[in-house]
Amino acid sequence: MKFSEVIGQQEAKVGLLNMVRSGKMPHALMLLGPEGNGNLSLALALAQFLQCENRQEDDSCGGCNSCLKQSKFLHPDLYFTYPVIKPEKQTSPPVSTDFINEWRSALLQTGYLTYNDWMQHIGAENKQGNITARECRQIIHQLSLKTFESSYKVQLIWLPEYLGAEGNMLLKILEEPPPNTVFILIAESTESVLTTILSRVQIVKVPPIQEPDLAAHLLRNFEMDEPVAARISRIADGNMNAALVIAEGQQSANDKVLRQWLLQCFALKQKPNSDGFRELTLWVDDFAKAGRENQKIFFRYALFFIQECLRISALGKSDKLEGEELSFAQKFTSRLAIEDLEKLQKIISQMHYYVERNANPKILLMSSSFQIAGVLKQENVEV
Ligand SMILES: [Zn+2]
């Protein structure tokens with residue numbers, strides 16, 4: 001990938017280019033920033049620039065032997081590490097190369113890959129991804145080999161958040177990598193990254209994509225008017241993936257599912273012993289089949305929705321909702337106190353937390369629905 005293919009992020013691009021051009025490229029770098037900001041694309045562009053045989057002033061050439069291999073993610077001196085699950089029928093712990101074909105095909109589709117999309121791509125369903133100790137040993141081994149074709153060997157580690165304590169195996173090599181070896185770590189948050197790793201990398205903070213850059217990209221790639229592109233990039237908050245989800249209309253489905261659920265919870269309060277319970281059970285059965293990754297996306301949407309309700313409650317308006325979604329939010333908010341909305345926010349973020357940790361979705365949804373019904377206690381909520 002060339003730097004010119006990365007959406008926006010001008011400042012980050014210049015910073016990275018300057019590091020290479022001034023000969024001050026650190027041997028371990030971490031690009032840190034929120035999902036959908038293009039961190040992974042920037043890392044791929046940097047790797048390609050480092051290995052390009054015919055570097056231009058501010059980008060790789062795109063045409064040399066090395067760039068051509070990079071464009072298919074086939075360069076022998078570029079190594080990828082990313083969270084994986086155990087393949088079926090495999091007894092040994094998984095390593096990233098078990099899924100290298102899936103990884104290349106995912107990157108060919110988008111340089112804005114998210115953890116959720118990646119897990120779906122490899123059919124993880126309810127399994128959690130992981131970077132194993134066996135993978136760490138593989139990294140150490142492969143970096144000890146001579147470079148094949150280029151002057152730089154690049155080890156990319158996508159989402160070091162999924163490295164557990166085994167990440168400590170990499171401390172020595174991160175501190176003193178073999179000559180001409182560069183580590184590029186791509187992380188969304190430092191919270192789950194080992195502090196021992198953090199202290200051995202140079203952190204480059206990459207912000208969300210700026211609204212005008214995101215809107216310009218949407219206008220180039222979708223048939224939409226300027227005001228629509230501007231609105232979507234405002235809702236997306238600099239997250240390319242969120243922008244695509246909205247642009248492709250996926251959000252409207254979550255929007256309906258959420259409305260249906262809140263109405264079921266309310267019905268439960270009004271009809272606690274009969275139809276209300278049966279209807280909710282049907283909804284829960286249906287939703288439990290959606291798969292954990294989709295459920296997590298749904299809860300993220302639900303949190304976004306409640307956040308906007310809180311904004312309506314406090315400021316009287318929401319810049320991010322419109323149409324049916326907005327009128328539902330307004331009615332919903334008008335019947336609830338801020339404290340009630342905050343309780344809902346807490347319940348839903350707990351659900352997101354437990355879904356991430358493999359909780360049984362049916363039990364979780366039923367018990368949380370009762371909690372929500374408890375909050376929606378007023379008799380006259382017509383939402
Ligand atoms: Zn090149």
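**Strand S3 and the domain arrangement**

In this predicted model, strand S2, which spans residues 78-81, is joined to strand S3 by four bridges, and the two strands run parallel. Within this pairing, threonine 81 is placed opposite isoleucine 157 of S3. Strand S3 is also connected to strand S4, comprising residues 181-187, through six bridges, and this pair likewise runs parallel. Here glutamine 155 has phenylalanine 183 of S4 as its bridge partner.

The surroundings of S3 were then considered residue by residue. The strand covers residues 153-158 and is mostly covered, with six of its six residues buried. In a regular strand, side chains alternate between the two faces of the sheet. In S3, Lys153, Gln155 and Ile157 point one way, whereas Val154, Leu156 and Trp158 point the other way, and all of these residues are buried. Gln155 and Ile157, which point the same way from S3, thus include the residue paired with phenylalanine 183 in S4 and the residue that stands opposite threonine 81.

At the level of the whole chain, the domain assignment of the protein gives three segments, namely domain 1 (3-207), domain 2 (215-248) and domain 3 (252-375). The C-alpha centres of domain 1 and domain 3 are 37 Å apart. The contact between these two domains draws six residues from domain 1 and six residues from domain 3. On the side of domain 1 that touches domain 3, the contributing residues comprise one nonpolar, four polar and one charged.

Definitions and conventions
Residues numbered from 1 in each chain as written. Predicted model: local features only at pLDDT ≥ 70, side-chain atom pairs only at ≥ 80, totals over all residues. Domains from an automatic or database assignment. Contact = placed C-beta atoms within 7 Å. Nonpolar A, V, L, I, M, F, W, Y, C, P; charged D, E, K, R; others polar. Buried ≥ 20, exposed ≤ 12 C-beta atoms within 10 Å, placed from the backbone. Pairing = 2+ DSSP bridges.
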